[in-house]
Amino acid sequence: MSGQNIYQMSPLIGQQPGVQINPAVDRTDRLLQESGDQTFAIVAKLSRGRIDTPMRVSADRLIRYCGRAGSLRVSELNSSYIQIVEAITTGAAAVVVSRLVSDEALNQFMVINHGTIDTNTPTSIDAIFTLSEEAPTGADWFAQIKVADCINEGVMVELSKGKSADQLTVKIRERKFNRAGKDIATGEVLYEVTGSTNVDAVDDSNQSTYIGDVAEKYYGDWLQIEINQQSHLILASDTLDGQTISKEMLPFSDTGNLTDANFVASADAIRKTGLQYRYIICDSANTALLNALYLAAVANNRKMIADVPGNLKPGAAIIWKNQFNFDAQDAMYTDWIWTPVKRQDPTQKNGIVLLSSVGQKVGYSCERNGRTNGFGLPPLHQPIAGSDFRLTGTNFTQIYEPDNVELADLAEARINPCIYQEYHNGSGWVWSDSLSGTEKTGISKLSSATEIVIWLMHYFGRYSKSHLQKPMTERIKKQKEEMEKILTWAEASGWLVPSVSLGGVAFTYEVARNIRYPDDRMDWTMNVSIEGVVRQVVGSTNMYSVD
């Protein structure tokens with residue numbers, strides 16, 4: 001019993017007399033929106049960014065972590081950065097990006113050595129700041145620094161001594177150049193850490209002040225600093241003792257050529273990452289990459305939006321798309337987009353160029369997913385197509401006008417054109433169709449239907465994980481309750497509609513012990529009737545005379 005109460009919050013022991021008050025339990029269960037619903041994944045060629053693992057980058061930090069746009073004249077792979085910008089501009093909150101690099105990509109340690117200010121034989125700045133592929137050993141070096149950013153242009157490294165010989169401040173800046181092209185140490189500070197060079201140093205709260213621990217505390221594994229404990233003091237003869245020292249360094253390099261294996265490895269990183277995303281973008285014509293991203297979409301129950309090269313005419317576009325022999329049903333995880341439209345590059349790095357529209361389509365999807373109703377559900381039954389979602393930009397030129405036969409061929413091939421269309425309330429460039437990539441002719445051919453079923457599968461898949469290692473009868477009851485609730489909400493939100501095939505209702509479900517393994521396996525099945533989309537309208541007119 002505490003000194004504050006005449007009852008106790010801890011359990012009574014045995015037959016001990018007293019009052020036990022159990023902790024409060026929140027029995028409400030809300031449907032929380034996932035941050036991944038407004039996030040997409042992409043493999044991209046970048047001027048900076050991690051190469052060891054995918055990274056999630058918010059809209060406001062794109063330049064900081066991914067660099068700036070590259071020229072399409074240098075590499076068509078630079079188009080992926082443009083798609084990231086367009087997706088973020090139209091509504092995506094963040095991107096999970098896997099950086100594309102070759103086998104020769106190398107991120108080295110930046111090593112700082114002790115150096116003398118002896119006027120007779122001063123140590124050159126190049127000898128103080130060196131690079132090493134491996135972590136340095138021995139007693140000669142002073143500090144080693146490694147940044148995960150892997151910036152093509154390199155960084156400016158700056159060190160200054162504190163009030164004592166074991167106090168150090170490290171700053172890592174972006175490189176900035178004056179008009180003469182000379183490095184000046186005024187670039188944006190990427191990392192700044194002050195701490196002790198002594199690994200055993202602590203503060204008044206007994207918390208480590210070792211600079212390596214401080215770096216990890218504030219920057220995680222983005223910045224690694226280690227001090228050589230065999231010579232960790234800043235000596236009176238060191239250049240660093242009397243002045244701040246700095247030097248531009250190029251720890252990252254990638255001099256190799258990209259292979260299909262590199263594309264596949266980057267896509268595989270998207271498949272394996274625990275960073276959440278709802279969509280996958282592929283705007284590359286590399287078949288190995290597209291196929292690997294498709295496998296990631298199927299494996300993770302995610303939707304891939306893939307670009308069909310817009311410089312191809314419809315017949316060639318169909319042939320190009322048909323080289324991918326996906327499973328007839330699993331192909332619903334891919335939407336194919338064909339955009340024969342030139343427009344101004346929104347990053348202004350390039351002029352008026354042929355650009356994919358997959359970024360904007362995914363951005364609109366993410367924005368739509370953020371508009372939830374009272375049940376916490378977004379309007380997934382509204383496809384990103386038609387007059388309500390128009391391609392934005394300037395200086396549009398459509399380089400090919402498909403005729404009705406070609407449009408029918410594209411629809412049969414499950415390719416959605418982004419072309420100019422006129423409506424009663426305006427005109428513009430829109431996604432004129434909303435088909436998934438499946439070869440099936442039923443409801444799964446509609447992109448919006450696949451988004452709904454993917455959402456439901458994802459939700460109940462995650463919910464089912466909570467059943468593990470709990471009593472069977474109780475969890476069957478819980479699963480039934482959850483399916484009744486969520487599917488009722490889905491119907492009320494317009495996702496589901498009554499079906500004759502389901503006896504006039506919008507959904508049914510079954511939850512039961514497995515017949516063969518009744519002790520430890522639960523089976524559930526949901527049957528859903530998904531709302532359709534108007535893709536064709538047939539109007540008839542009857543005429544009558546006065547008699």
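**Close-up views of sheets and helix pairs**

**View A. Ile 337 faces Asn 416 of strand 22.** Welcome to this predicted model, which we start to explore at one pair of strands. Strand 18 (residues 334–338) and strand 22 (residues 415–423) run parallel and are joined by three bridges. Helix 10 (residues 404–412) packs on the sheet here, touching both strand 18 and strand 22. The direction of helix 10 makes about 140° with that of strand 22.

**View B. Eight strands form an open sheet with mixed pairing.** Read across the sheet, the strand order is 2-3-1-16-17-18-22-23. Which strands stand at the edges? They are strand 2 (55–58) and strand 23 (426–431); each has a single partner strand, so one side of each is left without a neighbour in the sheet. From strand to neighbouring strand, the turn is 25° on average, direction ignored.

**View C. Helix 9 lies across five elements of that sheet: strand 1 (39–44), strand 16 (279–282), strand 17 (303–308), strand 18 and strand 23.** If you follow helix 9 past strand 16, you will find the helix running at about 170° to that strand.

**View D. Helix 2 packs against helix 9 at an angle of about 30°.** Two packed helices are described by the angle between their axes and the distance between the axes. Here helix 2 covers residues 79–89 and helix 9 covers residues 358–369, and their axes are 7 Å apart. Why is this pair called roughly parallel? Angles under 35 degrees count as roughly parallel, and the angle of about 30° therefore makes helix 2 roughly parallel to helix 9. The crossing of helix 2 with helix 9 is right-handed. On the helix 2 side, look for Gln 83, Glu 86 and Ala 87, which meet Val 358, Gly 359, Gln 360 and Gly 363 in helix 9. Sorted by class, this contact of helix 2 with helix 9 has two nonpolar, four polar and one charged residues.

**View E. Asp 37 and Arg 278 join their side chains in a salt bridge.** The N to O distance is 2.4 Å. The pair links distant parts of the chain, with the two residues 241 residues apart. Asp 37 sits in the segment before strand 1, while Arg 278 sits in the loop between helix 6 (260–272) and strand 16. In total, the structure holds 20 salt bridges, if you would like to browse further.

**View F. Helix 6 and helix 7 (residues 287–300) pack at an angle of about 15°.** The axes of helix 6 and helix 7 are 8 Å apart. The angle makes helix 6 roughly parallel to helix 7, and helix 6 passes helix 7 in a right-handed crossing. Which residues of helix 6 meet helix 7? They are Asp 260, Phe 263, Val 264, Ala 267, Ile 270 and Arg 271. Facing them in helix 7 are Ala 288, Leu 289, Ala 292, Leu 293, Ala 296, Ala 299 and Asn 300. The class breakdown for the contact of helix 6 with helix 7 is ten nonpolar, one polar and two charged residues.

**View G. Four strands form an open sheet with antiparallel pairing.** Strands of a sheet pair through backbone hydrogen bonds, either parallel or antiparallel. The order in this sheet is 12-9-8-14. Strand 12 (189–196) and strand 14 (245–249) are the edge strands, each pairing on one side only. The twist averages 15° from one strand to the next. Strand 9 (residues 167–174) pairs with strand 12 in the antiparallel sense over seven bridges, and Leu 168 stands opposite Gly 195 in strand 12. Helix 4 (residues 211–219) packs on this sheet, touching strand 9 and strand 12, with a direction that makes about 140° with that of strand 12.

**View H. Helix 11 (residues 447–465) and helix 12 (residues 472–492) cross at roughly 155°.** Their axes come within 11 Å. Helix 11 and helix 12 are therefore roughly antiparallel to each other, and their crossing is right-handed. Helix 11 contributes Trp 455, Leu 456, Tyr 459, Phe 460, Tyr 463 and Ser 464 to the contact. Helix 12 contributes Arg 475, Lys 478, Gln 479, Glu 482, Met 483, Ile 486 and Leu 487. How do the residues of the contact of helix 11 with helix 12 divide? Eight are nonpolar, two polar and three charged.

Conventions:
Residues are numbered from 1 along each chain as its sequence is written. This is a predicted model: local features need pLDDT of at least 70, side-chain atom pairs count only at pLDDT 80 or more; totals for chains, interfaces and linings use all residues. Side-chain values use heavy atoms; hydrogens and water are left out. Axes are lines fitted to C-alpha atoms, for helices over the stretch in contact, and angles run from 0 to 180 degrees between N-to-C directions. Angles under 35 degrees count as roughly parallel, over 145 as roughly antiparallel, 65 to 115 as roughly perpendicular and the rest as oblique. A crossing is left-handed if the near helix is turned anticlockwise from the far one by less than a right angle, and right-handed if clockwise. Contact means heavy atoms within 4.5 Å. Ala, Val, Leu, Ile, Met, Phe, Trp, Tyr, Cys and Pro count as nonpolar, Asp, Glu, Lys and Arg as charged, and the others, Gly among them, as polar. Two strands pair if DSSP finds at least two bridges between them. A salt bridge is a side-chain nitrogen of Lys or Arg within 4 Å of a carboxyl oxygen of Asp or Glu.
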